[in-house]
Amino acid sequence: MAKKDIRSILRQNAVTVMFVVLCTLCMIFSGQTVPYVIYELFGRLSRNSFIVLALIIPIVAGMGINFAITIGAMAAQISVLWVIEWGVGGLPGFLLAMAMTLPIASVFGFLIGKLLNKMKGQEMIGGLILGYFANGLYQLLFLFIFGNLIPLKTSGLVIKGSTGVANTIDLTGGAGGGIKYALDGIWKTDFGTALYVVCGAIALIAIVSIVLKKVSAKKGAIAVGAAAVLCALYQIPAVAALFSMVKVPMVTFGVVGLLCLFNIAIMKTRLGQQFRAVGQNRTVANASGINVDRVRLIAIVISTVLAGWGQLMFVQNMGSFQTYGAHEQVGLYAGAAILVGGASIRKATNGQAILGCILFHLLFIVAPPAAKNLFGDAAIGEYFRVFISYGVIAAALVMHAWSGIQKKKPENALREASAKN
Amino acid sequence: MTKSKFRRILAILLCVCAVAMAVLGGVSMPKRESEVGTAVLNTLRIRTLLNATGEGVVESYVAIAKKEATAEAKAAGGGMSAIREAVAKAEEETRAKYSSTSTDYSAIDTTELEKAMDGYVAAMKAYADSENAARQAYIDAHYDEAYAAAEAARDEKVAAGQEVSDELKVTVDMSGFEATEEMIALRAKADEAYVFVGEALKGIYPVMDDAALATLKGTIADITYQAGDDFTIQYDRYVDAGSIDALDNKSAAFVIRYADDLIYGAVALIIAALTILFNELLVAKLGIPRVIIGLFFILLCFMALLYDLSLSTLLSNTVVRMGMNSIMVLAMVPGIQCGISLNLGLPIGLVAGLIGGLLTIELGIPGWLGFGFAILVGSLIAAVCGWLYAQLLNRLKGEEMSVTTYVGFSIVSLMCIAWLVLPFQSLKLRWPLGTGLRNTIGLDSTNFRHILDDLLSFNIGGFKVPTGLLLFMLLCCLLVWLFSRSKTGVAMQAVGNNPRFAEATGINVDKMRVIGTVLSTVLGAVGILVYSQSYGFMQLYTAPRQMGFIAASAILIGGATTSRCKISHVLIGTFLFQGVLTLGMPVANVLVPGSTISETLRILISNGIILYALTKSGGASRG
């Protein structure tokens, strides 16, 4: 009985398991030290996990992976350009960029939602191609409108002798000191302190919840116990040494945590239930009086705005971005990451998103050096991880389509039946 | 009612404008060669001449004034500083007096000069035409040499791994060119005529001496006539020199200059009027996107004419690009017909074709044999891959589009690794240093570069007809059309149109889908080889990734939907799409120099049309 359970778990999480194996192998062959890999991983998690979490709501609403989040990223980059142009630096600059992204991304999201409602069942390919299409408009905007029709004054944003905005936008300079590390730099601390703070917070919330009788004593005790065990583990010098290089940007991870809570909270509201109802079956949801198109529209708008903010967190951490390329792969990498964590194109949770983010970016860190050691060429590793990104999405789509047909949807029943004859 | 009335009135107004413009243009056009045109040019030429020589004359006056001032100052017994002051003062005064801006041209009697110029223009024209002919003959004689040199230079660049443009720039070295006897004789005649011009000028400006005339000779010759001049070029040259004020009737001259553009504009207006009038019919017959893209293509044609770009060269390039892309677009046909919708997994076939091409170069098989070998090997690999791919698609009915896209992407990135590790040996393929195959592999005359393009090709004016390429394209189209008429083809289309009905009539749906997918993949392999031979390069690594989208958008522009298509959609779609791209680039470069707007245009059109097709095919009513 137990054996069967393990097998079915393995089969259901084949992609995740494969990735764990792959990461382990690459880790062994890469020759990188564990502290360095963990240090890199924390950096990548802090800038990438937000945008992956932005994918969850459309998945729950039955629209698959929202590849149109690239358009949210474009909205963020438009905001960043103007924040730099106006010379607002530091945290005010970042908050201004967030505030600007909100309306821009909402409008974009509204348009995306309108279009995707016209191609139900084809949302993913539609979103992908919409992303490409929007990239054309983005190029028009940045090459021919900004810097030409609407002049930019800040030096470095436009290069003399070439049309349009410069290829790279630097966030360090400018009148206000730039928005690099605007969020990361507020409170950066070593891993130990961060662990104690988080564990303390967990324990506190658990105890308060028990006192207020929101959760059972058993569940609360487990949370407190787990926090205590983690802190105790960290006391072992060997474990602590692994995290010696890590500097945790507390506020950034705090915002990511808030988004996780938001994702949980919204699912408990009426709107969240509508998301789920539409995701399970549009026809039934429609029959039960839900305005399907409107619910899908809201899901896409929320996702696009969150993606925009995610891109802002990404660029403030990187300190500069490629004007014409930074958004292009956002949808691909985020989509692959969430699938790696065990999500499907119909079901996704916060945990899967975070786990996927960890595994996917772990592979990103270790694959090129591993390929260099094995084949003598780092380029193989580069191509390998691109292949993996596409391959994971392709595999997830194949699996989904397969299982959908196995379930014999009513529309397939006839076909299936006649195929047997 | 009112709307259609309004439209009719608008159309009539446009037509009236068009007729007016056409009449004006048509009447003015012949004037260029008539007396009116010659008179306009003569007036402009004389003014330009006077302007140019006037400056020389001012210098002469200044020199004289300086001399006089020096003499006077010396006579007055002033020191060096006094002399310098007097000279400076005299120069300033003289310049102010004679500067060309204040010259009153109407006071100058130019009858003598005009008469002299008539002779000189005729002589110069004879000379310049003769020189032009001689130079052209020289270029023709040495073109092959220069072509070989340019080719060698490009191959060197490719070998060094630099980017090269797909057009080969051939420049013939003119240093060996010598004047013919005819030229020398004509030159002497022109010189004789120049003497009269010089005398006439002396009559106008008494201070003009022989030395000044000698220095001005080159300038005057350039003003008078240059090789290849016609009315518009000369008009523009004189107007650029600021001589427009010389004309009494500027607007008449302006109309003569832009007579051709007026006629183009008239045709454009008539097309616009027809479009407005038959708007509904067109949209109903062709669909909105095709009308927009078709009109855009026509607009680009007119803009090319307006900016005096060579439309025939551009259309010739369009035809070549249509030929080179058409087979890949044709590969969409069996896919759509058998019901797998747009085959965005086309890169699978492309990669197979590339492997065939690589093997040909690796084994060093030359010419037609090599091309045939590449097609054969590519098709075989494509058939095997296509069969496997079809097995996958048969298990995923109804979800093909997104799956095929990502399967195609994965294959391309997997092949990126393969290109790095495959054990090819030829140095034409590998980087001389470092690992793996080159990004772009230049084909040369020992391989199959331009093997179809140059077959039986001929020129009509600036329009090169790539006969072989077009014949091959038509042959492939014919074969696919014949197949679709065969028993299997009809069954395949039945599956694509209505799988349930097809099953009910006893057709093996899965088998038909396999046939369609394999056929599509094989055509993809052939398509990339045809593309490469015309382009002159094989592109590896990430290059094939977007080609599936380009092919899909071309057939959609042609009028196909995701479930229905015809051969005519392939031809129309490829021509329109490639036409817009080919014409878009030079026109965009005139509007915004050095921009990449043409690439942006491609992204917008290609993805826009796919989105449109998706909105039409998506189950909007299932909500």
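Biologist: What makes B:Y541 count as partly exposed?

Modeller: In this predicted model, B:Y541 has 19 C-beta neighbours inside 10 Å, and since a residue is called buried at 20 or more and exposed at 12 or fewer, the count for B:Y541 falls in between and the residue is therefore partly exposed. The residue sits in the loop between strand 4 (537-539) and helix 21 of chain B, and its phi is near 55°, a positive value in a residue other than glycine.

Biologist: Why is B:S341 called buried or exposed, whichever applies?

Modeller: B:S341 has 24 other C-beta atoms within 10 Å, and because the cut-off for a buried residue is 20 or more, B:S341 is classed as buried. Its place is the loop between helix 13 (332-338) and helix 14 (347-363) of chain B, and there B:S341 takes a positive phi of about 65° although it is not a glycine. As background, most residues other than glycine have a negative phi.

Biologist: And which class does B:L433 belong to, buried or exposed?

Modeller: With 6 other C-beta atoms within 10 Å, set against a limit of 12 or fewer for exposed residues, B:L433 is exposed. This leucine lies in the loop between helix 16 and strand 1 (440-442) of chain B, and its C-alpha is 76 Å from that of B:E68, a residue 365 positions away in sequence.

Biologist: How do you know whether helix 21 of chain B is enclosed or open?

Modeller: Ten of the eleven residues of helix 21 (residues 547-557) of chain B are buried, so the helix is largely enclosed by the rest of the structure. The buried residues include B:M547, B:F549, B:A551 and B:I555, and just after the helix B:G559 has a positive phi of about 120°. For helix 10 (residues 279-286) of chain B, by contrast, the number of buried residues among its eight is zero, so that helix lies largely in the open, and B:G287, which follows helix 10, has a positive phi near 85°.

Biologist: What does B:A551 touch, and which core does it belong to?

Modeller: Leaving aside residues up to four places away in sequence, B:A551 touches B:M328, B:V329, B:A331, B:M332 and B:L346. B:A551 is a member of the largest nonpolar core, which has 240 residues, and together with A:L55, A:I69, A:L363, B:M332 and B:I555 it touches the most other members. Another core, of 21 residues, lies apart from that one and has B:L113, B:M124, B:A190 and B:A193 among its residues.

Biologist: Why are helix 7 of chain A and helix 16 of chain B called oblique to each other?

Modeller: Helix 7 (residues 123-145) of chain A and helix 16 (residues 400-421) of chain B pack at an angle of about 55°, with their axes 8 Å apart. Angles under 35 degrees count as roughly parallel and those from 65 to 115 as roughly perpendicular, and because about 55° fits neither range, the pair is oblique. In this contact A:M124, A:I125 and A:L128 meet B:M401, B:S402 and B:T405, and by class the contact has four nonpolar, two polar and no charged residues.

Biologist: How many residues does each chain bring to the contact between chains A and B?

Modeller: Chain A brings 44 residues and chain B brings 40 residues. On the side of chain A that touches chain B, helix 7, helix 13 (282-287), helix 14 (292-318), helix 17 (378-406) and helix 18 (410-420) each supply at least two residues, and the residues of that side divide into 28 nonpolar, ten polar and six charged.

Definitions and conventions. Residues are numbered from 1 along each chain as its sequence is written. Chains are lettered from A and ligands numbered from 1 in the order in which they are written. This is a predicted model: local features need pLDDT of at least 70, side-chain atom pairs count only at pLDDT 80 or more; totals for chains, interfaces and linings use all residues. Axes are lines fitted to C-alpha atoms, for helices over the stretch in contact, and angles run from 0 to 180 degrees between N-to-C directions. Helices (H or I, at least four residues) and strands (E, at least two) are DSSP runs, numbered from the N terminus. Angles under 35 degrees count as roughly parallel, over 145 as roughly antiparallel, 65 to 115 as roughly perpendicular and the rest as oblique. Two residues are in contact if their C-beta atoms, placed from the backbone, lie within 7 Å. Ala, Val, Leu, Ile, Met, Phe, Trp, Tyr, Cys and Pro count as nonpolar, Asp, Glu, Lys and Arg as charged, and the others, Gly among them, as polar. A nonpolar core is a set of buried Ala, Val, Leu, Ile, Met, Phe, Trp, Tyr and Cys residues joined through C-beta atoms within 7 Å.
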